[in-house]
Amino acid sequence: MNAKAAHAVPTVAWDRLAQAALIDSIRKLNLRHQLRNPVMFVVYVGSWLVLALFVRDLVIHKPALATFTGVVDVWLWLTLLFANFSESLAEGQGKAQAASLRQARKEVEAKRLQEVREDSPFEMVTGLALRPGDHVLVGAGDIIPSDGEAVLGVASVDESAITGESAPVIREGAGDRSAVTGGTKVLSDWLVVRITAQPGETFLDRMITMVEGASRRKTPNEIALGILLVVLTLVFLVVTITLFPFSWYSVHYAAHAGRVVGITVLVALLVCLIPTTIGALLPAIGIAGIMRLLRANVVATSGRAIEAAGDVDVLFLDKTGTITYGNRQAAAFHAVTGVAEARLAACARQASLADGTPEGKSIVTLAGARFPQEIAAAGDTKGGVLVPFSADTRMSGVDLPGRQIRKGAPDAMRQWVAKAGGTWPDGLDRIVDKVASGGATPLVVCEDGVALGVVELKDIVKSGIRERFAALRTMGIRTVMVTGDNPLTARAIATEAGVDDFIAEAKPEAKLARIQEYHKEGHMVAMTGDGTNDAPALAQADVALCMASGTQAAREAANMVDLDSNPTKLLEIVGIGKQLLITRGSLTTFSVANDVAKYFAIIPAAFVSTYPALGALNIMHLSSPTHAILAAVIFNAVIIPLLIPLALRGVRYRAAAAKDLLRRNIWIYGVGGIIAPFVGIKLIDMFLTWI
Amino acid sequence: MTSPVETLIAVLMAAILFGMPLGAYMARIYGGETFWATRALRPIEHFFYRLGGIHPEDEMDWKRYAIALLFFNLIGTLFLYGLLLWQHKLPLNPEHFAAVTHALAFNTAASFVTNTNWQAYGGESTMSYLSQMLGLAVQNFLSAATGIVIVLAIIRGIVRAKSRHLGNFWVDMTRTVLYVLLPLSVILGLVLLEQGAPQTLGAYVEAHLIAPFVSGKAYVTHQTIALGPVASQEAIKQLGNNGGGFFNANSAHPFESPTAFTNYLQMVAMILIPIALVFMFGYMTKDRRQSTMILSAMLVLFVPLALASMHYDLAANPLFHGLGLSQAHTAANAGGGDMVGVEDRFGAGSSALFGSVATATSTGAANSAYDSFMPLSGLVNLFFMQLGETAFGGVGTGLATMLAFVIFAVFLGGLMIGRTPEYLGKKIESFEIKMASLSILVMPLLVLIGTAVATAFAAGRAGTFNPGAHGFSEILYAFTSPSNNNGSAFGGLSADTTFYNVATGLCMLIGRYWSYLPLLALGGSLAAKQRLPASAGTLGAHGPLFVGLVVGVILLIGALNFFPALGLGPIAEQMTHVHALAASK
């Protein structure tokens, strides 16, 4: 997967990216961009104000004052630049991704058919002229012009432009593999595709806007956090502005000593107090979350979906592929009394020879391994008529001259036997129940209306999945296994895999109903799906992950698409969603906790001339008032670039109970946030004294 | 001589011990249960509903609830304002007091309706008995009840799911007064009466002095002793966290608090209902851990600060050391410590404790002169109010503000565990943060901007009696107290000027309604939400860790804003004392 991921998101050339981000961060110093972030806008206004004061100090020839004002101003501008840089860096990753996607969205010529058949006359039009409902023909070497559904033909398609997966996939008219994506390339054969997307609204377009526009759309929690930050900024604005009359009063009416606090110091205090750290990093954190998702080869159609992933507390997981290895394997033959096991095996094998499914193949393999001689004697099925599996009959088999062999689900076989006037041996039901209650699937094998016995197909639960579910449980996430199996089988596998609940004999309506039930209780549900009949349930779920191989309807209904078509991806997505929120919360806590130390640096420095006794508040023993204020401003600025890697990578996250996560993050970012600036400011002060 | 620390423990224990059953009782009352209390008083309750044409079953959404509350308080304000302006023409005015000035009448009306009880006047020299009883005492009940119904509506918002309704304002008010405030006041009033507080409508008493003396150039032969219906008013003054004394000397006056026992009872009475409401919250949410969490957070804030205040006041004035003055903790010194402005009967330590309780609970009563506290003890008083009156806070409003801070804590905590934050199953989204912010935001703005305006203009500066940093503290206190609806006065400031009457009056009104109407809206929004089931992945809003988070949020987001101002006031004053002492040695 790593190799693929590397393809989908080009390996980031950090030096190039950083260089571009540096230029971009200077460009972002314009008013319009700064207005978008209220916290940083206050810094912006402060920087201009102090710049004006610096010019004034120069003009009135106060070199000592001008040096102080100038140096403070430089660090205020650097604070802004660092903030811009973090955002640009995160955006840069997105831009690189968008550029590679855009290459796939080349303008293509399409053959628009007049009638829906391969040999219909067609006209050449541009891809942009195509409307939903149009039919186009794509042949070997053609780029599929837009999203659509194959209605005729079978073709192998290279979807690497979207998924990064270089192995071609098969797309064919009708069925669950009919969805084709604009920008992918047909390698061989042909398809007639019915266009389903408006121009500019294709999957590829959505991906590009998602990646590029990541910074522009705010998610609900981001909005709430934004409000909190604005309120804090407003309060601190009043705290610093009112400090001027307070200081003026103290100098002239109370202490009759010292100087009124300067505007530069007040701006420095303001910038230190307002939550610049989180304000600067907030856009980058959001973009980085989307990028992490992309790196996992998942495209979300909205940032909201990523946040919802963190809130999910019920996971609907398809049994096949997620909990068990793809398909069931034949594990044993159980013959009814009076029938040799070898005969059962031979018949089962003959019924499966033409069956290309992994289950069929596993029966052939098992029979060959157990009874090589008998199999050789029974021979193959040349001259026979194959009866493929159909959803109606729910059985498959072969018609040999004079013999009819069938295998299928017990209830289907019972009907078939009754119709053929055959016998249903006494012990058979017991065998069926026994196999089923063990979590395996019984397949009944019949020859000419006589039931011979049962093939036991067993699901193999993936190794390590049990531990993963246990981890989810400590996080408070319930897992629900969705399977088409009967309740007995489902229960056995559910127990083995350690899921909390299961839906057996799941029909799409059953899934939908269960999601609604969970919603009524207030749960948030995530599910995966790929078929058209999953669409209603996908639309209902809070996080709906569709496989890239899924049908167009499923993709439309989902809010995330997994380009790898890997159903276990859901577990990863939950982690990414949580990590995004944790990063925001932790850095906010850190940012607010920092204020304690900054007060202790700046307040004594600002008022020690009025009340010399306030020097006792200088608990860090900073060398001078000037140095104290500078050290606080410098700390406030440099903490931003220092935290960029954390913002982009995300706070370390592991599956744990809420109270453990909370304890850990409060200690690191809350208590650590109080202590760190004391140390940092002191170190900077020592450095300033040294130079 | 009782140690003030023992008094502190005794006060808290009694308040918790009585608060627990009172909380359970209140939960049953507001839940509409039928039991002995309602069986006894229901006829009276229903009589009032018939009188007012109120349908008790008709529940209100938050907007109707808020409008009813505002309307009711507006009527109360106008009535009180009129009463004060016309008191000279009305009965029960044996001392023939003149009409109150417009500015003072506005200030007093705003003060008593908002449960602030900031008094820019001296009661026994300004107010007629009618003004005291029909005006001030009535508002003592109604403003306290208003505070309680505010938090009641918010709690209903948390408890209910998918509902628009927060209860019926008129029903809640009636029940609060009838079942809670009146019975408690009757009991406490009778005890005070027994202990010696007067209760009379007779005129003031003239006492002829045994030893006449010369004061100024006047030969003083007799003294006027002010009386009045004191006991009844005193009970609700403490229970309802009003704090507006009958006399100017407030609870230092021997008629308001005749004995050490009444001094103790008054402290218990101040914290009783705030603590009972915390327990009621636990009963109503059916989550007793919430009571434990909130009470713990309150105690974590209250106890160390109260101890600090007592410590600094008992440590006495450092500048007196070496002057041959004994400030030792002996009975002969009335307990010793900083005795300036202290009533001998109570002593410095107990006065500091009373000050802490009165400022922490938004009562604002006083049994000593807060202006004469040692600077850091005065700082504790200021700081308790600047915490936003969260520990323990005014009746109702304290818990309401605490819940707003809990919502902030839940928000940060929720993000830190990677989920959309939720409190007791209710999602905290941008609307909730907006409303909680609006509520928390206004108090620091009022205090800081008010103080800034007062220090910047002559009208504000004219009020201070003391030079130096202490004068600044006096102004800061004069805005902190009304903005938090506390009402305690630092003194040392001539507050009955048009500037201070209008400015503090506005602070009281804005501080009350701007702080709590958004919280009603928040309650309305929470009520409409679905309740989410709890799991191992949800933030448990209880336990020591969460208590720490709540306390941290209150200190970092709330109180830290006042650090610079406190630095220029009491901290500068204390440091200067210490500095001067070191220099003299």
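**Note on the internal cavities**

1. In this predicted model, the second largest cavity has a lining drawn from both chains: A:Val231, A:Leu232 and A:Val235 on one side of the list, and B:Phe408, B:Ser437, B:Ile440, B:Leu441, B:Pro444, B:Ile557 and B:Asn561 on the other. Two or more of these lining residues come from each of helix H8 (220-254) of chain A and H14 of chain B.

2. The volume of this second largest cavity is about 60 Å³, and H14(B) makes the greatest contribution to its lining, with four residues. Sorted by class, that lining holds eight nonpolar and two polar residues, with no charged residues.

3. Turning to the largest cavity, its space amounts to about 190 Å³. It is lined by 21 residues, of which B:Gly388, B:Thr401, B:Met443, B:Asn484 and B:Tyr516 are the closest to the centre.

4. Four helices of chain B, namely H13 (397-416), H14 (430-456), H17 (498-528) and H18 (543-558), each contribute at least two residues to the lining of the largest cavity. Here too H14(B) gives the most, with four residues, just as H14(B) gives the most to the lining of the second largest cavity.

5. The class make-up of the two linings deserves to be read side by side: the largest cavity has 13 polar, seven nonpolar and one charged residues in its lining, whereas the lining of the second largest cavity has eight nonpolar, two polar and no charged residues.

6. As for the overall tally, the model contains nine cavities when those of 30 Å³ or more are counted.

Key:
Residues numbered from 1 in each chain as written. Chains lettered and ligands numbered in written order. Predicted model: local features only at pLDDT ≥ 70, side-chain atom pairs only at ≥ 80, totals over all residues. Heavy atoms only, no water. 1 Å grid on protein atoms, 1.4 Å probe; cavity = no way out; pocket = protein on both sides within 12 Å on 5 of 7 lines; lining within 4 Å. Points joined across faces, edges and corners; volume = space filled by probe spheres on them. Nonpolar A, V, L, I, M, F, W, Y, C, P; charged D, E, K, R; others polar.
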